[in-house]
Amino acid sequence: MFDRYEGGEQAILVHVNFSNENDREDLEELGLLVSSAGVSSLGVITTTRRSPDAKYYVGTGKAQEIADAVQRDGADIVIFNHALSPSQERNLEALFKCRVLDRTGLILDIFAQRARTHEGKLQVELAQLRHISTRLIRGWTHLERQKGGIGLRGPGETQLETDRRLLRARITHILGRLEKVSKQREQGRRSRKKAEVPTVSLVGYTNAGKSTLFNAVTNAEVYAADQLFATLDPTLRKIEVEDVGEVILADTVGFIRHLPHDLVAAFKATLTETRESDLQLHVVDVADARRADNMEQVQEVLKEIDADHIPQLLVFNKVDLLEDIRPHIERDDEGKPISVWLSAQNKLGLDLLFDAMSELLGLSMLDITLCIPPSEGKLRAALYALNGILDEKINDKGEWVLQVRITTVDHQKLNKQMSYAIEKWQLDD
């Protein structure tokens, strides 16, 4: 269905420097994207503009310069580090006599290569269908004879309408299947909430080291590589956190500046794990010179998917690449952890991460003294099952006097289990 190119093609890259900060893209990042797609770069052509040209995105002179370079170097494809309109793409392909791909198309292609699970493939196909639906006319311009009299009218519009109808039907079909997946995920989330199991999601810029950290913490074997979007499909694992108990850790797709809206929409089910989590671990490549900008981009995407209200712990990864920096925890004025510095690759500082998670998730601990009558043996047994009894004595009345330390989560569970607030047996200090 898709005219996807195979890795190994020769490409000329085009980058435009805009005076407006919001329109700028990162040239170094384009190189990483192209490398991740398996394409060889023949060279980069740059230019500076105040705003995109309506016809060619770049100026007419620069467009001709790119066309000459394509002919001279034998390029198979020209990749723009920007989002092109369908008409700009058509005009450029007519001039260059080769394929033209924009930033969105490039990211979609990488996602198509990385998708492993059935759900991931469906999500990528949905994003591709939505993207390609605006560009359908390109393949049928030779049949577009709407005027010209008898004998000159062609079937172009009919063919386009057929294709559009097929696309709409396929999109509807995929949305239906993804809705089922979404319901299954929602059922899993409801079960975890019912069992009071907290969820921690890894978020961060692509290639920050989330999957490496995930593997180090869970002993899983999630695919991790030094390339953009190495992880596409969400993975969930159970971990044990002291003073909290069982926690679900979710590894998610990496973010990138100006993440295509089609992708955000398509990956709604995946990103729900981020939106519904109890804590976000925002993983940052501390050795990246653009880390401040990358962190800002991640916050923008979190805002876009309505996940910017979740408590967040910064995880500054790759400290082994810095001099004189050791793994440590940074705290705010109240002593609460705000960031952890570690190296996931070398497994340095992972214990500090667990300590910080324990403090933030289990803010958690409740210390009380209970005086329980013999008739409440069920409560005593439940407290022992939670390993929540630090000390036990029997007073003159034959009552149990218990020193109890449990998490706030277990406290809520117990209240529900007993059908009353256990504080009714609390001894005043």
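Two strands count as paired here if DSSP finds at least two bridges between them. By that standard, β10 and β11 pair in the antiparallel sense, over 4 bridges. They make a hairpin that leaves 5 residues between the two strands, and Gly335, sitting in the turn, has a positive phi of about 85 degrees. Within the hairpin, Ile329 finds its bridge partner in β11 at Val340.

This is a predicted model, so a word on confidence comes before the rest of the fold. Mean pLDDT for the protein chain is 79, with 78% of the residues reaching 70 or more. Two stretches deserve some caution. Over residues 1–7, pLDDT stays under 50, and the model gives that stretch 21 contacts beyond four places in sequence. Residues 142–150 also stay under 50, with 12 contacts beyond four places in sequence.

As for the overall make-up, the protein chain holds 13 helices and 14 strands. Of its 429 residues, 49% are buried. Sequence-distant contacts are well represented: taking contacts between residues at least 6 apart in sequence, 69% join residues at least 24 apart. The accessible surface adds up to about 21400 Å², and carbon and sulfur atoms account for 47% of that.

Back to the hairpin, which belongs to an open sheet of 7 strands. The order there runs β6-β7-β5-β8-β9-β11-β10, and the pairing is mixed. At the edges are β6 (235–241) and β10 (328–331), each of them pairing on one side only. From one strand to the next, the twist averages 25 degrees. While the hairpin supplies an antiparallel pair, β5 (residues 199–204) and β7 (residues 245–251) pair in the parallel sense, again over 4 bridges. Thr199 has Ile248 as its bridge partner in β7. Helix α10 (residues 291–304) lies across several strands of this sheet, namely β5, β8 (279–285), β9 (312–317) and β11 (337–341). Its direction is about 150 degrees from that of β8.

The chain also has an open sheet of 4 strands, ordered β2-β1-β3-β4, and here the pairing is parallel. Its edge strands are β2 (40–49) and β4, and each pairs on one side only. The twist in this sheet averages 20 degrees from one strand to the next. In its interior, β1 (residues 10–18) and β3 pair in the parallel sense over 4 bridges, with Leu13 matched to Ile79 as its bridge partner in β3.

Two helices can be placed against this sheet. Helix α2 lies across β1, β2 and β3, and runs at about 170 degrees to β2. Helix α3 lies across β3 and β4, running at about 145 degrees to β4. The buried residues of α3 (residues 86–96) are Gln88, Glu89, Leu92, Glu93 and Phe96. They sit on the same side of α3 because they cover an arc of only 130 degrees around the axis. The spacing fits the general geometry: an α-helix has 3.6 residues a turn, so residues three or four places apart point the same way. As for what covers these buried residues of α3, the list includes α2 (60–73), β3 (77–80) and β4 (99–101).

Two residues around these helices stand out for their backbone angles. Most residues other than glycine have a negative phi. Tyr57, though, has a positive phi, near 70 degrees, and it is found in the loop between β2 and α2. Lys97, which comes just after α3, has a positive phi of about 60 degrees although it is not a glycine. Its place is the loop between α3 and β4. Which of these two is buried and which is exposed? Tyr57 counts as buried because its relative accessibility is 7%, under the 20% cut-off. Lys97 is exposed, with a relative accessible area of 65%, which is over the 50% that exposure calls for.

Terms used
Residues are numbered from 1 along each chain as its sequence is written. This is a predicted model: local features need pLDDT of at least 70, side-chain atom pairs count only at pLDDT 80 or more; totals for chains, interfaces and linings use all residues. Side-chain values use heavy atoms; hydrogens and water are left out. Axes are lines fitted to C-alpha atoms, for helices over the stretch in contact, and angles run from 0 to 180 degrees between N-to-C directions. Contact means heavy atoms within 4.5 Å. pLDDT is the predictor's confidence in each residue, from 0 to 100. Buried means under 20% relative accessible area, exposed over 50%, partly exposed in between (1.4 Å probe, protein chains only). The arc is that of the directions from the helix axis to the C-beta atoms. Accessible areas come from the Shrake-Rupley method with a 1.4 Å probe; for residues, only the protein chains shown count as cover.
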